[in-house]
Amino acid sequence: MNFQLTEEHLAVQAAAREFAQTELLPGVIERDEHQKFPAEQIKKMGELGFMGMMVDPKYGGGGMDAVSYVLAMEEISKIDASASVVMSVNNSLVCWGLETFGTEEQKQKYLTRLATGEIIGAFCLSEPEAGSDATSQRTTAEDKGDYYLLNGTKNWITNGSTASVYLVIAQTDVEKGHRGINALIVERDMEGFAIGPKENKLGIRGSDTHSLMFTDVKVPKENRIGDDGFGFKFAMATLAGGRIGIASQALGIASGAYELAVKYAKERKAFGVEIAKHQAIQFKLADMATNIEAARLLCLQAAYDKDTHADYGKSGAMAKLFASKVAMETTVEAVQVHGGYGFVKEYHVERLMRDAKITQIYEGTSEIQKIVISRELLK
């Protein structure tokens with residue numbers, strides 16, 4: 001076993017850390033408060049190669065491994081989870097899904113622009129009555145010969161108003177159940193496609209989360225991903241990798257809060273000494289550091305499994321389940337270490353605590369991760 005990161009991995013990690021500190025940290029509190037999408041920062045992330053890290057260079061990507069992706073996601077999530085979720089969706093769900101299952105024509109038309117960050121993508125699975133139960137798709141894609149007629153509503157869509165390309169999961173044949181579902185590439189300017197109001201969220205407030213409405217949208221047959229009826233398998237395969245991205249985001253939120261707690265504990269004095277010298281605080285920091293390290297190893301294990309073409313369904317689910325739990329617990333404790341200061345925005349930890357909660361919900365709730373893990377264990 002080798003736990004040593006390569007020089008390339010360390011370089012990616014350092015580049016992501018520098019970008020987060022110099023480009024994302026300034027204004028992050030204001031963006032959160034005003035729900036402002038980090039458009040300029042996302043553009044720069046694309047220019048630096050963070051929006052298509054694992055995509056083959058022939059399609060404009062970085063050709064990096066999943067370990068590099070985890071390292072970059074952690075560093076960026078330490079500072080701004082609203083920016084990192086845009087990066088995660090574009091990398092894990094949209095780019096990976098298109099590169100793995102798309103036609104060459106689809107890759108040339110969409111993937112090259114997505115990988116460079118020229119445009120960003122969105123993944124549209126959740127509906128008002130189909131979140132965890134992804135088989136119950138109410139959005140329909142009626143086969144009309146050379147095109148599909150798309151009707152329905154999608155909820156909680158990250159990059160909802162800023163994406164140019166949307167991967168939409170829809171039901172074509174109800175009688176076939178999940179085998180009658182298709183994945184379609186929808187372009188922003190297609191007639192009948194409307195974007196609903198922005199959601200006013202607890203956390204990741206800088207990211208744009210919207211409902212999407214499709215009314216008789218004509219989607220050409222060449223925009224279907226995979227064979228007829230492949231949509232559900234496409235969604236599940238794509239989300240399996242997406243869990244690694246969200247696990248890394250949760251890890252970053254936790255480690256960012258921990259770093260702030262350590263810094264504050266060394267500066268703040270109580271009873272005549274720095275609070276870091278009080279055992280009550282030391283024990284909190286010890287628990288935080290231990291849990292974060294365990295979460296990091298789970299994330300890297302899942303990334304390694306993906307890189308070596310091993311089955312990463314279980315390891316990815318474990319990483320997301322545990323890292324999201326650690327993110328929640330660590331951020332709560334970081335606020336506690338800061339005391340009253342932790343409750344005000346300028347110290348950042350209250351925002352990290354709010355951002356942490358969604359990692360237990362999106363791209364598969366913690367309860368769904370336990371189902372995935374237990375099914376693998378009981379095979």
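**Note on the cavities and selected surface residues**

1. Val28, Arg31, Asp32, Lys36, Pro38, Asp80, Ser82, Gly206, Arg351 and Asp355 form the lining of the largest cavity. Two elements, α2 (28-33) and α10 (349-357), give two or more residues each to this lining. The model is a predicted one, and the points below should be read with that in mind.

2. The contribution of α2 to the largest cavity deserves its own mention. With three residues, α2 provides the largest share of the lining. The space inside the largest cavity comes to about 60 Å³.

3. By residue type, the lining of the largest cavity holds six charged residues, together with two polar and two nonpolar ones. Among the lining residues are Arg31, Asp32 and Lys36, as well as Arg351 and Asp355.

4. How many cavities of 30 Å³ or more does the structure hold? There are two. The second largest has a volume of about 40 Å³.

5. The second largest cavity is lined by Met54, Ala66, Tyr69, Ser92, Trp96, Gly241, Ile244 and Lys306. At least two of its lining residues come from each of α4 (66-79), α5 (81-101) and α7 (231-267).

6. The make-up of this second lining is five nonpolar residues, two polar and one charged. For the largest cavity, the corresponding division is two nonpolar, two polar and six charged. A reader going through the structure may wish to look at the two linings side by side.

7. Turning to the surface, Met1, Phe3 and Leu297 make a nonpolar patch of about 430 Å². One of these residues, Phe3, sits in the segment before α1 (7-24). Is Phe3 buried or exposed? Phe3 counts as exposed because its relative accessibility is 60%, and the cut-off for that class is over 50%.

8. Where does Asp311 lie? Asp311 is in the loop that runs between α8 (279-307) and α9 (313-338). Its relative accessibility is 56%, so Asp311 is also classed as exposed.

9. A last point concerns the spacing of Asp311 and Leu212. In sequence, 99 residues separate Asp311 from Leu212, and in space their C-alpha atoms are 33 Å apart.

Notes:
Residues numbered from 1 in each chain as written. Predicted model: local features only at pLDDT ≥ 70, side-chain atom pairs only at ≥ 80, totals over all residues. Heavy atoms only, no water. Patch = residues over 30% accessible without salt bridge, like charges linked within 9 Å, V, L, I, M, F, W, Y side chains within 5 Å. Areas by Shrake-Rupley, 256 points an atom, 1.4 Å probe, with all protein chains shown as cover. Salt bridge = Lys/Arg side-chain N within 4 Å of Asp/Glu carboxyl O. Helix = DSSP H or I, 4+ residues; strand = E, 2+ residues; numbered from the N terminus. Buried < 20%, exposed > 50% of the residue type's maximum accessible area, 1.4 Å probe, protein only. 1 Å grid on protein atoms, 1.4 Å probe; cavity = no way out; pocket = protein on both sides within 12 Å on 5 of 7 lines; lining within 4 Å. Points joined across faces, edges and corners; volume = space filled by probe spheres on them. Nonpolar A, V, L, I, M, F, W, Y, C, P; charged D, E, K, R; others polar.
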